[in-house]
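Visitor: Could you walk me through a few of the labels used for this protein? I'd like to hear the reasoning behind them.

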Amino acid sequence: MSLTLIIGDKNISSWSLRPWLAMKHAGIAFREETVRLHLPQTRERILPHSPSGRVPALQDGDLKIWDSLAICEYLADRFPEKRLWPADVAARAIARCVCAEMHSGFATLRSACAMNITAQISDFKPAPDVVADTARVEAMWADARRRFGKGGPFLFGAFSIADAFYAPVVTRIRTYALKISRDSQAYCDAVWALPAMEEWLAGARAELGHA
């Protein structure tokens with residue numbers, strides 16, 4: 001099998017981070033191809049890999065998958081031994097729920113706190129809707145941790161697709177110094193400490209020409 005993951009700039013492409021992190025952490029071998037975003041030729045370069053003209057996209061031979069959640073679901077099916085979803089049926093259902101909510105919601109948080117993983121903005125003043133979105137994220141984290149997180153530091157104990165989906169939020173909390181609870185901060189610290197996250201950050205800095 002030869003997998004290629006097409007991603008956008010590591011500093012700003014939150015959607016690309018999701019499957020990349022899941023694959024890296026799980027030890028799934030793949031080749032990555034980066035398409036720089038917000039350039040005149042960006043869409044033209046993406047279209048051969050993704051009919052939506054957006055990243056991320058996964059190529060597995062002739063198969064093209066162009067949605068971050070669909071990519072992660074495919075990987076979970078293709079590599080069941082990697083246990084990308086929780087083994088428990090109830091935990092797996094809730095993990096899918098929190099991923100789906102992240103996938104389709106939190107528009108205010110996304111737009112007001114665009115991913116900028118290399119930056120740290122100390123004077124950001126979140127609007128009420130951003131505070132509300134952050135509170136909802138924290139509530140989901142707390143519920144998952146309370147019900148299913150006994151086996152480790154992540155939302156469902158062991159690392160799962162759910163953590164990959166919330167990794168971009170972890171970066172936003174850090175970049176914009178959003179106020180969160182001590183328990184939420186402990187979870188963010190666990191995600192931020194992942195070797196794969198360190199590798200992604202190093203890649204973002206390299207793209208920007210930072211040491």
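Visitor: Let's start with a location: where does Ser160 lie?

Guide: Happy to help! In this predicted model, Ser160 sits in the loop between helix 6 and helix 7.

Visitor: Why is Ser160 called buried?

Guide: Its relative accessible area is 2%, and buried means under 20%, so Ser160 counts as buried. Leaving aside neighbours within four places in sequence, Ser160 is in contact with Leu84 and Pro86.

Visitor: And why does Asp143 count as partly exposed?

Guide: Asp143, which lies in helix 6 (residues 128–148), has 24% relative accessibility. Buried would need under 20% and exposed over 50%, so Asp143 falls in between and is partly exposed.

Visitor: What makes helix 6 and helix 7 oblique to each other?

Guide: They pack at an angle of about 125°, with their axes 12 Å apart. Roughly perpendicular covers 65 to 115 degrees and roughly antiparallel means over 145; the angle of about 125° fits neither, and the two helices are therefore oblique. Their crossing is left-handed.

Visitor: Which residues meet where helix 6 and helix 7 pack?

Guide: From helix 6, Val137, Met140 and Trp141 meet Tyr166, Val169, Val170 and Ile173 of helix 7. By class, this contact has 7 nonpolar, no polar and no charged residues.

Visitor: How do you know that Asp67 caps the N-terminal end of helix 3?

Guide: Look at the distance: a side-chain oxygen of Asp67 lies 3.0 Å from the backbone nitrogen of Leu69, and a polar contact takes a pair of N or O atoms within 3.5 Å. Leu69 is also among the buried residues of helix 3 (residues 68–78).

Conventions:
Residues numbered from 1 in each chain as written. Predicted model: local features only at pLDDT ≥ 70, side-chain atom pairs only at ≥ 80, totals over all residues. Heavy atoms only, no water. Helix = DSSP H or I, 4+ residues; strand = E, 2+ residues; numbered from the N terminus. Buried < 20%, exposed > 50% of the residue type's maximum accessible area, 1.4 Å probe, protein only. Polar contact = N/O pair within 3.5 Å; in protein donor to acceptor, adjacent residues only side chain to side chain. Contact = heavy atoms within 4.5 Å. Axes fitted to C-alpha atoms, helices over the stretch in contact; angles between N-to-C directions. Parallel < 35°, antiparallel > 145°, perpendicular 65-115°, else oblique. Left-handed = near helix turned anticlockwise from the far one by under 90°. Nonpolar A, V, L, I, M, F, W, Y, C, P; charged D, E, K, R; others polar.
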